[in-house]
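Here is a short briefing for someone meeting this structure for the first time. Take a look at the model, then read on.

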Amino acid sequence: MLLAISWIPTGSASDWQEVVKKGENSTVYFHAWGGDPQINKYIEWLADQVKQKHNIDLHHIKLTDTSEAVSRVLAEKSAGNHHNGKVDLIWINGANFAAMAQHGLLTPNWAEQLPNFALTNPIKNPAVTLDFGVPTHGMESPWGQAALTFYYDSQATQSPPYTLQDLLSWSAKNSGRFTYPKPPDFIGVSFLKYALISLTPKDKQHLLYQAATKETAAIILPKLWHYLDALHPNLWRKGRFFVSNSTALRRLMGDTELSLALTFSAAEVPAAVERYDLPTSIRSYDMHDGSLSNIHFVAIPYNATQSNSAQIVANFMLSVPAQAKKQQPSVWGDQTVLDLSTLSTEQAALFNQTTAHSSSLTVSSKSPSLAEPHPSWVALINQQWLMRYGAKSNMQKVN
């Protein structure tokens with residue numbers, strides 16, 4: 001039985017029953033990144049569950065980049081297709097959310113009406129209503145949260161770097177043994193954001209959580225470029241080539257070309273070890289000067305064909321069984337967005353961790369959580385990175 005909670009859904013029970021009545025027995029096209037086999041398998045499980053419970057056929061449209069779905073909805077709006085869009089539900093956050101919200105491409109004021117949204121306890125946890133600091137206004141339902149995680153080959157290096165400055169020293173001593181994906185890849189940009197926050201003096205960090213301007217960029221960005229100028233010559237292929245994504249990065253680790261890499265999916269590492277894609281000597285850890293972290297969401301485009309059905313799927317995504325299964329390291333390892341204090345003892349017990357794999361990330365109190373900067377900084381970093389380094393380097397695609 002649930003304990004008392006501090007959030008009351010904005011819609012009534014009868015309103016939700018009407019959504020269920022209209023949304024069952026239909027098809028939902030869920031546009032989501034498809035680059036991780038573990039995540040894909042979890043979405044298959046979701047599809048089985050909503051089929052059994054609501055006779056909804058959930059189709060995972062696998063994206064290489066979320067911007068593909070954003071572009072599709074924008075094109076539909078430009079063509080006057082305001083009611084029969086091909087995207088019913090989209091996995092999204094950050095700059096893509098900001099772009100869709102700015103152009104009026106998302107359905108507002110639905111997420112907080114989901115019955116299971118109360119389990120996030122938004123009064124206590126306001127982060128579930130903010131996307132990179134931007135209010136969601138009910139346009140997104142939280143799905144999970146993750147943090148930038150580093151992993152290394154313990155046979156190749158016994159002392160990995162634990163701060164950004166340590167990384168510079170380590171890479172000089174271990175030339176060619178580290179790199180990051182080329183922007184605008186999500187992991188590559190995440191590394192740059194982590195570096196940007198870490199290099200920015202405390203008294204200036206508030207500027208990162210406001211819209212970037214020409215003046216603030218002139219104050220903040222030079223330290224990042226100075227750091228990268230020093231780091232790049234020590235990278236794999238001397239920084240003249242960059243991998244295209246985290247999968248290619250992991251492949252280089254599996255081939256022992258690299259000794260250090262990073263991911264935003266901590267559970268990806270032990271799963272890859274189990275598949276023999278990575279050596280058993282791999283170990284995961286977080287940086288002591290901070291871990292870039294964020295909440296990721298699902299949203300419904302303004303012209304979704306099956307908006308009610310998408311809400312049913314999003315509500316199940318927030319259910320205790322779905323969140324508990326997703327958090328299991330062997331399934332995904334994605335941290336729940338539910339407030340466990342709102343759950344019964346039996347429900348909370350479902351989130352207890354089993355014995356961790358030797359390569360799994362262990363919880364560390366030494367690493368403070370670094371909030372994502374305002375989305376405008378992403379566009380600026382991408383643009384200026386490509387201007388400074390893109391002409392000098394080529395993207396190496398490792399297959």
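Is Asn 121 buried or exposed? Asn 121 is buried, because its relative accessible area is 7%, and the cut-off for buried is under 20%. Keep in mind that this is a predicted model. The points below cover backbone features and then charged pairs.

**Backbone: positive phi**

- Asn 121 has a phi near 50°. That is a positive value in a residue other than glycine.
- Asn 121 sits in the loop between helix 4 and strand 4.
- His 137 also has a positive phi, near 50°, and is likewise not a glycine.
- The loop between strand 5 (134-135) and strand 6 (140-147) holds His 137.
- His 137 counts as exposed, at 53% relative accessibility.

**Backbone: a cis peptide bond**

- Pro 183 and Pro 184 are joined by a cis peptide bond. Its omega is about 15°.
- Pro 184 belongs to the loop between helix 5 (164-173) and helix 6 (186-199).

**Salt bridges: the count**

- Side chains of opposite charge can pair when their charged atoms come close.
- The whole structure contains 9 salt bridges. Three of them follow, one by one.

**Salt bridge within a helix**

- Glu 18 pairs with Lys 22 through their side chains, at 3.9 Å from N to O.
- Both residues are in helix 1 (residues 13-23). They are 4 residues apart, so about one helical turn separates them.
- Glu 18 is partly exposed, with 36% relative accessibility.
- Lys 22 is exposed, at a relative accessible area of 54%.

**Salt bridge between distant parts of the chain**

- Lys 124 and Asp 339 form a salt bridge. Their closest N and O atoms are 3.6 Å apart.
- This pair links distant parts of the chain, with the two positions 215 residues apart.
- Lys 124 is in the loop between helix 4 (95-102) and strand 4 (130-131).
- Asp 339 is in the loop between helix 11 (320-327) and helix 12 (345-349).
- Lys 124 is exposed, with a relative accessible area of 53%, whereas Asp 339 is buried, at 8% relative accessibility.

**Salt bridge at 203 and 204**

- Asp 203 forms a salt bridge with Lys 204. The closest N and O atoms lie 3.7 Å apart.
- Asp 203 counts as exposed, at 51% relative accessibility.
- Lys 204 counts as partly exposed, at 29%.

Terms used. Residues are numbered from 1 along each chain as its sequence is written. This is a predicted model: local features need pLDDT of at least 70, side-chain atom pairs count only at pLDDT 80 or more; totals for chains, interfaces and linings use all residues. Side-chain values use heavy atoms; hydrogens and water are left out. A salt bridge is a side-chain nitrogen of Lys or Arg within 4 Å of a carboxyl oxygen of Asp or Glu. Buried means under 20% relative accessible area, exposed over 50%, partly exposed in between (1.4 Å probe, protein chains only).
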